[in-house]
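User: Hi! Could you walk me through this structure and its ligand?
Analyst: Happy to. Here it is.

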Amino acid sequence: MEDCIFCKIANGEIPSSYVYETENVYVINDIAPKAKHHMLVIPKKHYKDLTEVDNVALLAELMSVVKEVTKKIGLKEYRVMINNGKSAGQEVFHLHIHILANQ
Ligand code: AMP
């Protein structure tokens, strides 16, 4: 989607280093970390928020990536969060899952 920062990262228009990647999902470090570890798990395809996703396999892949990337980094204690919609604190309207850890 035009003018979407996470789409631009997904298609290489904005350089970023992936922490982890699968066919449909990538993980980056948050640019303004709110914890010692703060990563974002992001579908490569644009969905403005969780309400737009009917693809259960993608939802499973997103949570699977949460497990895989935390395991890879050695995190056992962490918080997983989605801000879904403006009044819930969402600022980037391309679905993403926050992983926060102070371990
Ligand atoms: P949310 O409030 O859930 O929409 O969170 C958006 C998050 O994206 C914030 O924590 C931002 O710091 C983060 N963010 C915005 N732009 C970038 C970027 N270019 N690279 C990494 N993280 C970003």
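User: Where does the ligand sit?
Analyst: The ligand takes up the space of the largest pocket. A molecule sits in a cavity or pocket if more than half of its atoms lie within 2 Å of its grid points. On a 1 Å grid over the protein atoms alone, a pocket is an open set of points with protein on both sides within 12 Å along at least five of seven lines, a cavity is a set where a 1.4 Å probe fits but cannot get out, and lining residues have an atom within 4 Å of a point.

User: Is this predicted or what? And how are residues numbered?
Analyst: It is a predicted model, with pLDDT of at least 70 needed for local features and 80 or more for side-chain atom pairs, while totals for chains, interfaces and linings use all residues. Numbering starts from 1 along each chain as its sequence is written, and side-chain values use heavy atoms, leaving out hydrogens and water.

User: Cool. How much space lies in the largest pocket?
Analyst: About 510 Å³, where grid points are joined across faces, edges and corners, and the volume is the space filled by probe spheres set on them. The lining has 25 residues, and Phe6, Asp30, Ile31, Leu40 and Val92 are the closest to the centre.

User: Which element gives the largest share of that lining?
Analyst: Helix 1, with 3 residues. Helices (H or I, at least four residues) and strands (E, at least two) are DSSP runs, numbered from the N terminus.

User: Back to the ligand. How many residues surround it?
Analyst: There are 17, and the closest are Asp30, Glu91, Val92, His96 and His98. To be near, a residue needs a heavy atom within 4 Å.

User: Which backbone atoms come up?
Analyst: A ligand oxygen lies 2.7 Å from a polar backbone atom of Glu91, and a ligand oxygen is 2.8 Å from one of Val92. For Ile31, a backbone N or O atom is 3.1 Å from a ligand nitrogen. A polar contact is a pair of N or O atoms within 3.5 Å; within protein, one must be able to donate a hydrogen and the other to accept it, and residues adjacent in sequence count only if both atoms are side-chain atoms.
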